[in-house]
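User: I am new to this structure and would like to go through it in questions and answers. Please show it before we begin.

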Amino acid sequence: TEFFGSTPAGQNSGIYRSTDGGTSWTRTFSDNFTISQIIAAPSNFDRQYLSIVGRGVYRSDDGGQSWFEVNNGMPNRMNRLELAVGRNNPDWVFASMERWEKNADGNDFRNGVLYYSLDGGNQWQEAISVNGGLDPDLLGGQGWYDNTIMVSPMTDSTVFVGGVDLWKISLLPDGNGGFEKNVGVMVDSYF
């Protein structure tokens, strides 16, 4: 049995691994930024992902013994991000994040976006953004606090993202090698 843990927020973050029920621990990853999540692929425990606030995503293919960065296609300026992994395919990874951008006046603003990878995080694509006001801010301006994501138990191409509201997002093949999205609000926050 393997157990994993991380250091408390605000300290030098690390991943610790135990193979003897927690009697002894070995540090397998260290970073100066906050580790916000460790998640294992449901179909392959050797495939694990971790998210680091402001840095992005790291992956392990050997049960957490070693980690490497997988951020190609991710934004440069991000805050908290949460991950979900496909139940049937450990290469399907989704990231719900609060991204920092500049508006037309040059001022910083944050918005909630969704990224996905179909190759274990080697290449990320933006699925939902608020560029041009066409897509909703998935996290309602509170991605630093309200941010959760889960893959549907029915299909790996549908995720649920929770911020202020709860969203259902389905990525459907478009016939040209890409995806079209179907976005719907599941719950209205204004009761």
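The questions below go from model confidence to strands, single residues, rings and cores.

User: What is the average pLDDT of the protein chain?

Analyst: This is a predicted model, in which local features need pLDDT of at least 70 and side-chain atom pairs count only at pLDDT 80 or more, while totals for chains, interfaces and linings use all residues. Residues are numbered from 1 along each chain as its sequence is written, and side-chain values use heavy atoms, with hydrogens and water left out. pLDDT is the predictor's confidence in each residue, from 0 to 100. In the protein chain 75% of the residues score at least 70, and the average pLDDT is 80.

User: Which element has the highest mean pLDDT?

Analyst: Helices (H or I, at least four residues) and strands (E, at least two) are DSSP runs, numbered from the N terminus. Strand β1 (residues 3–6) has the lowest mean pLDDT among the elements, at 50. The highest mean, 95, belongs to β7.

User: How many bridges join strand β5 to β6?

Analyst: Two strands pair if DSSP finds at least two bridges between them. β5 (residues 44–52) and β6 run antiparallel, and they form a hairpin with three residues between them. One bridge partner pair is tyrosine 49 with arginine 59 in β6. The number of bridges joining β5 to β6 is five.

User: Which residue in β7 stands opposite arginine 59?

Analyst: β6 also pairs with β7, in the antiparallel sense, over two bridges. Opposite arginine 59, in β7, stands phenylalanine 68.

User: How many residues of β6 are buried?

Analyst: Buried means under 20% relative accessible area, exposed over 50%, and partly exposed in between (1.4 Å probe, protein chains only). β6 is mostly covered. Its buried residues number five of five.

User: Is serine 51 buried or exposed?

Analyst: Serine 51 is found in strand β5. A polar contact (a pair of N or O atoms within 3.5 Å; within protein, one must be able to donate a hydrogen and the other to accept it, and residues adjacent in sequence count only if both atoms are side-chain atoms) of 2.8 Å joins its side chain to that of serine 36. Leaving aside neighbours within four places in sequence, serine 51 is in contact (heavy atoms within 4.5 Å) with residues including Thr34, Gln37 and Leu81. Because its relative accessible area is 0%, serine 51 is buried.

User: Which residue's backbone nitrogen does the side chain of glutamine 37 reach?

Analyst: Glutamine 37 lies in strand β4 (residues 35–41). Glutamine 37 counts as buried because its relative accessibility is 15%. Beyond four places in sequence, its contacts include Tyr49, Ser51 and Glu82. At 2.5 Å, its side chain reaches the backbone nitrogen of leucine 83.

User: Which residue's backbone oxygen does the side chain of arginine 17 reach?

Analyst: Arginine 17 lies in strand β2 (residues 13–18). With a relative accessible area of 13%, arginine 17 is buried. Arginine 17 and glutamine 65 are 48 residues apart in sequence, yet 7.6 Å apart in space, C-alpha to C-alpha. The backbone oxygen that the arginine 17 side chain reaches, at 3.0 Å, is that of glycine 63.

User: How many aromatic pairs are there?

Analyst: Rings of Phe, Tyr and Trp (its six-membered ring) pair if their centres lie within 6.5 Å; planes under 30 degrees apart count as stacked, over 60 as edge-to-face and the rest as tilted. Ring pairs link Phe29, Tyr58 and Trp67 into a cluster. The number of aromatic pairs by this rule is two.

User: How many residues apart are phenylalanine 29 and tryptophan 67?

Analyst: These two form an edge-to-face aromatic pair, 6.5 Å centre to centre with 70° between the planes. The pair links distant parts of the chain: phenylalanine 29 is in strand β3 (residues 26–31) and tryptophan 67 is in the loop between β6 (56–60) and β7 (68–69). Phenylalanine 29 is buried at 11% relative accessibility, and tryptophan 67 is buried at 12%. Their separation along the chain is 38 residues.

User: Which element gives the most to the largest nonpolar core?

Analyst: A nonpolar core is a set of buried Ala, Val, Leu, Ile, Met, Phe, Trp, Tyr and Cys residues joined through side-chain atoms within 4.5 Å. The largest has 15 residues, and those with the most contacts inside it are Val57, Met74, Leu81, Ala95 and Met97. Two or more residues come from each of β8 (78–85), β9 (93–102) and β10 (108–117). With four residues, the element that gives the most is β8.
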